[in-house]
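Notebook open, viewer loaded. I want to go through the sheets, the helices on them and the cysteines, and jot down what I find.

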Amino acid sequence: ISTIRQIQYPEQTREFDSRLTKTGRRSLSHSISHSSTDSNSSGGSDAENPEDEVSPRDMQQINSKGNMDFCIKNIKLADFGRREIELAEDEMTALMALRKAAQGEKPLAAAKIVGCTHVTAQTAVLFETLKVLGAQCRWAACNIYSTQDEVAAALAEQDFPVFAWKGESEDDFWWCIDRCVNVEGWEPNMILDDGGDMTHWIYKKYPHLFKKVKGIVEESITGIHRLHQLSKAGKLCVPAINVNDSVTKQKFDNLYCCRESILDSLKKTTDIMFGGKQVAICGYGEVGKGCSAALKAMGSVVYVTEIDPICALQACMDGFRLAKLGDVVRHVDMVITCTGNKNVVVREHMDLMKNGCVVCNMGRSNTEIDVNSLQTPELVWQHVRAQVDHIIWPDGKRIVLLAEGRVLNLSSSTVPIYVLSITATTQALALIELFNAPEGRYKQDVYLLPKKLDEYVASLHLQTFDAHLTELTDEQAKYMGLSKYGPFKPSYYR
């Protein structure tokens, strides 16, 4: 299968080995630790379960088979989690079809995959699919808030080594990643990452493991930036596939998913009414496009900030006002970051915001909002409910910070299962492609998923609809210079 190397991103100022995950300041009166029933909602108050006071690291748990190779909130939640996974399977028909089609040949037999992604019912379907296809896996969470504890319990009950719980501290976060990698008698040969944290940790602590790693599959723009930095520095010692820039991922997970989940997330956390509100959306990539379209449809007045003139022109053509954040920040009711960059909203911006302004992040990185700058003696943090903090200035002004600047829809809401199926199927195919690639096909660089596989992901999902593809005639295929069976777009098609 022919491939094309990914275009290099511009030079990034942030070093790869900087801390990728930071835990925001906690409430003055509560810990932000939630029961599993709050996994997909932040509408209620924080859990008061006494068990939440005990760290899973200090608990000795065992599943019904006598296995203890996991660390989760509560193994007793396994039955509940299994029902959630089964519900997700019903909606993730493409991944189930892939599981059925490939389980006989076991294309991932002998694969040892270490992963760091969200731990939810939908990703559990992916984990278990990889296992059906022959892989051994160990898993940690890439987000301290998105883990569904009942799903982690269901995986642990099935002897799946998972190390994740909702409300991890920063120290917990890296401890869980280490438990996945630092295992006697088991060494990974594939990495599935979301944000670059697993890759970062292995480079930092266990670089010798890359001698056996056949490749990395990365799904976030943040992680892709890190990989390109390594590649430019000549330090990327294995090939990597950039799943984030697959057409199916960009168009569906980033655009359509965010278009639906941004409204749900804001309603669940703030109960805000959107009509007439003035909103600044930072970034007009696929995530920004989805958020902007959703809020505009609800009657909000939307301003867009952009650094890229092409995306900026798209925003103008779509009817949005292009502005600098500093010029509109005084009067907007909401600021939403969608860039994947660093320090997009800084203390100077927040000092100018009006009372009650809502600040949140829909981009991958938790660095877009400079939360650390708010941890100063003159500001008071008031924890309101799960994922909602009021930051109070000396004059009484307050801003509403959601999910401590982490990814809002994954921390505070539910994400449509169907689009997650698209991403998960793409990840599975990328792992199969890298693991089975003949020697020399992929160099030590960052690649896009082959277009043929990208189109295969889409075709699998068409089965959900009463959809009928038209087939080219031989004459038409010859005229267009295409195979009747694809790929139908060039590798550079975005």
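Started with helix α5, residues 170-181, in this predicted model. I looked up what α5 lies across, and got β1, β2 and β3. Against β2, α5 runs at about 175°.

Next, the strands under that helix. I find β1 (residues 112-117) paired with β2 (residues 136-141) in the parallel sense, over 6 bridges. For a register check I picked Val114, whose bridge partner in β2 is Arg138.

Then I traced the whole sheet. I read the order as β3-β2-β1-β4-β5-β6-β15, an open sheet of 7 strands with parallel pairing. Which strands stand at the edges? I noted β3 (162-163) and β15 (446-448); each has a single partner strand, so one side of each is left without a neighbour in the sheet.

Cysteines next. How many disulfides does a search of the whole structure find? I get 0. I wanted to know why, so I took Cys176: the closest cysteine sulfur to its own is in Cys71, at 5.8 Å, which is too far for a bond. The cut-off I'm holding that against is 2.5 Å between sulfur atoms. Cys180 fails too, because its sulfur is 7.3 Å from the closest cysteine sulfur, that of Cys176. Buried or exposed, for Cys176? I have Cys176 down as buried, at 1% relative accessibility. Cys180 is also buried, with a relative accessible area of 0%.

Moved on to the other sheet. I read an open sheet of 8 strands with mixed pairing, in the order β9-β8-β7-β10-β11-β14-β13-β12. At its edges stand β9 and β12 (380-385), each with a single partner strand, so one side of each is left without a neighbour in the sheet. I checked β12 against β13 (residues 388-392): the pairing is antiparallel, over 5 bridges. Val380 has Ile392 in β13 as its bridge partner.

Then β8, residues 301-305. I count 4 of its 5 residues as buried, so β8 is largely enclosed by the rest of the structure. β8 pairs with β7 (residues 278-282) in the parallel sense over 5 bridges, and I see Ile281 standing opposite Val304 in β8. β8 also runs parallel to β9 (residues 321-322), joined by 2 bridges. Val304 turns up again there, opposite Leu322 in β9. I followed the chain from β8 through helix α10 (residues 309-317) to β9 and logged a right-handed β-α-β crossover. β7, helix α9 (residues 286-297) and β8 also make a right-handed β-α-β unit. I looked at how α9 sits: it lies across β7, β8 and β10 (334-337), at about 170° to β7.

Last stop, helix α7, residues 221-232. I did the rise check: at 1.5 Å a residue its 12 residues should span 16 Å, and the end C-alpha atoms are 16 Å apart, which agrees. I have 10 of the 12 residues as buried, so α7 is largely enclosed by the rest of the structure. Among the buried ones I listed His225, Arg226 and His228. What do the buried residues of α7 pack against? I found α6 (197-205), β5 (215-218), β6 (240-242) and β15. After α7 comes Gly234, and I noted its positive phi, near 75°.

Definitions and conventions. Residues numbered from 1 in each chain as written. Predicted model: local features only at pLDDT ≥ 70, side-chain atom pairs only at ≥ 80, totals over all residues. Heavy atoms only, no water. Pairing = 2+ DSSP bridges. Contact = heavy atoms within 4.5 Å. Axes fitted to C-alpha atoms, helices over the stretch in contact; angles between N-to-C directions. Buried < 20%, exposed > 50% of the residue type's maximum accessible area, 1.4 Å probe, protein only. Right-handed = clockwise from strand over helix to strand, strands pointing away. Expected span 1.5 Å × (residues − 1).
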